[in-house]
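Colleague: Please take a close look at one part of this model, the largest cavity and its lining, and then set that part in its wider surroundings. I would like each term given with its cut-offs as you come to it.

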Amino acid sequence: MITLNLDGQPRAPRAVLCLGAHADDIEIGCGGTLLKLTEQNPNITVHWVVFSATPPRAREAKHSARVFLQKARVKKIVVKTFRDSYFPFMGERIKRFVQQLSQEIAPDLIFTHSRKDLHQDHRLLAELTWNAFRNHLILEYEIPKYDGDMGAPNAYVHLSKATAERKVRHICEQFRTQKSKQWFGEDTFMALLRLRGIESNAPGKYAEAFYCQKMLLL
């Protein structure tokens with residue numbers, strides 16, 4: 001498990017695993033943090049896994065991942081084709097795949113969905129993440145949506161205005177298939193980043209927020 005050291009010698013993650021149920025979930029949930037992380041740690045390895053995408057969405061997902069991970073030393077991008085909105089009914093297959101990931105990858109840090117997310121695909125993936133990765137630092141990200149399930153996060157990553165704007169610009173440029181959705185837009189994404197910036201007193205006014213269930217302090 002990655003730890004937060006209190007002796008003035010913080011340990012940066014060398015390997016990161018990003019899990020997203022659908023194309024654009026990772027970018028929306030933790031895209032700004034990944035931009036900041038890869039800039040500050042150029043030797044980092046990022047495993048990026050999207051579980052559901054139609055052919056057009058898969059193309060968007062792969063291209064977007066490459067854009068967000070430009071500065072990562074090693075990037076491994078996987079896009080699967082599990083059926084959107086049916087994850088609970090495909091649980092056995094998805095669980096086998098997540099368990100396989102846990103045997104192949106030893107990440108220092110994992111980004112996944114929140115276990116309190118009301119979207120059934122998001123929630124199942126979060127549960128399977130915790131089931132398979134039992135000795136890792138897991139940060140659960142948030143996705144704004146119609147369901148109204150935004151909660152009170154307990155971990156924040158401060159972003160500069162430039163990084164926040166770059167995140168939002170990349171999302172809107174890469175996922176053109178989502179333009180017709182009422183919630184999908186720069187105003188939504190910037191508003192959430194600003195709100196979390198207010199909550200965490202971010203110097204640059206913007207932040208991404210996460211749910212951290214367990215963290216070891218040394």
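Modeller: A cavity, on a 1 Å grid over the protein atoms alone, is a set of points where a 1.4 Å probe fits but cannot get out, whereas a pocket is an open set with protein on both sides within 12 Å along at least five of seven lines; in either case the lining residues are those with an atom within 4 Å of a point. The model is predicted, so that local features need pLDDT of at least 70 and side-chain atom pairs count only at pLDDT 80 or more, while totals for chains, interfaces and linings use all residues. Residues are numbered from 1 along each chain as its sequence is written, and side-chain values use heavy atoms, with hydrogens and water left out.

One cavity of 30 Å³ or more is counted, and the volume of the largest cavity is about 90 Å³, a volume being the space filled by probe spheres set on grid points that are joined across faces, edges and corners. Its lining is made up of Ile 28, Gly 29, Glu 142, Pro 144, Lys 167, Phe 189, Leu 192, Leu 193, Arg 196, Ala 207, Glu 208 and Ala 209. Two or more of these residues come from each of H1, helix H6 (186-199) and strand E8 (206-212), where helices (H or I, at least four residues) and strands (E, at least two) are DSSP runs numbered from the N terminus. Helix H6 gives the largest share of the lining, four residues. By type, the lining of the largest cavity holds seven nonpolar residues, one polar and four charged; here Ala, Val, Leu, Ile, Met, Phe, Trp, Tyr, Cys and Pro count as nonpolar, Asp, Glu, Lys and Arg as charged, and the others, Gly among them, as polar.

As for the open spaces, the second largest pocket has a volume of about 420 Å³. It is lined by 24 residues, of which His 22, Arg 57, Asp 84, His 119 and Lys 181 are the closest to its centre. That lining divides into eight nonpolar, eight polar and eight charged residues.

Arg 57, from this lining, belongs to helix H2 and counts as buried at 13% relative accessibility, buried meaning under 20% relative accessible area, exposed over 50% and partly exposed in between (1.4 Å probe, protein chains only). Setting aside residues up to four places away in sequence, Arg 57 touches His 22, Ala 23, Asp 24, Phe 175, Thr 177 and Gln 178, contact meaning heavy atoms within 4.5 Å. Asp 24 is buried at 4% relative accessibility, and with the same residues set aside its contacts are Arg 57, Phe 175, Gln 178 and Phe 184.

Asp 24 and Arg 57 also form a salt bridge, with a distance of 3.6 Å from N to O. Because Asp 24 sits in the loop between strand E2 (15-22) and helix H1 (25-40) and Arg 57 in helix H2 (residues 55-68), this pair ties together parts that are 33 residues apart in sequence. A salt bridge here is a side-chain nitrogen of Lys or Arg within 4 Å of a carboxyl oxygen of Asp or Glu, and by this rule there are eleven.

Another of them joins Asp 117 to Lys 145, whose closest N and O atoms are 3.0 Å apart. This pair links distant parts of the chain, with Asp 117 in the loop between strand E5 (109-113) and helix H4 (120-132) and Lys 145 in the loop between strand E6 (137-141) and strand E7 (155-159), 28 residues apart. Asp 117 and Lys 145 are both buried.

The salt bridge between Glu 165 and Lys 161 spans 4.0 Å from N to O. Both residues lie in helix H5 (residues 161-174), four residues apart, or about one turn of the helix. Glu 165 is partly exposed at a relative accessible area of 34%, and Lys 161 is partly exposed at 47%. Elsewhere, salt bridges with shared partners join Asp 24, Arg 57 and Glu 60 into one network.

A nonpolar core is a set of buried Ala, Val, Leu, Ile, Met, Phe, Trp, Tyr and Cys residues joined through side-chain atoms within 4.5 Å. The largest one has 42 residues, among which Val 16, Ile 26, Leu 34, Trp 48, Phe 111 and Phe 210 touch the most other members. Helix H1 supplies the largest share of this core, six residues. A second, separate core of 21 residues includes Leu 17, Phe 87, Leu 101 and Leu 128.
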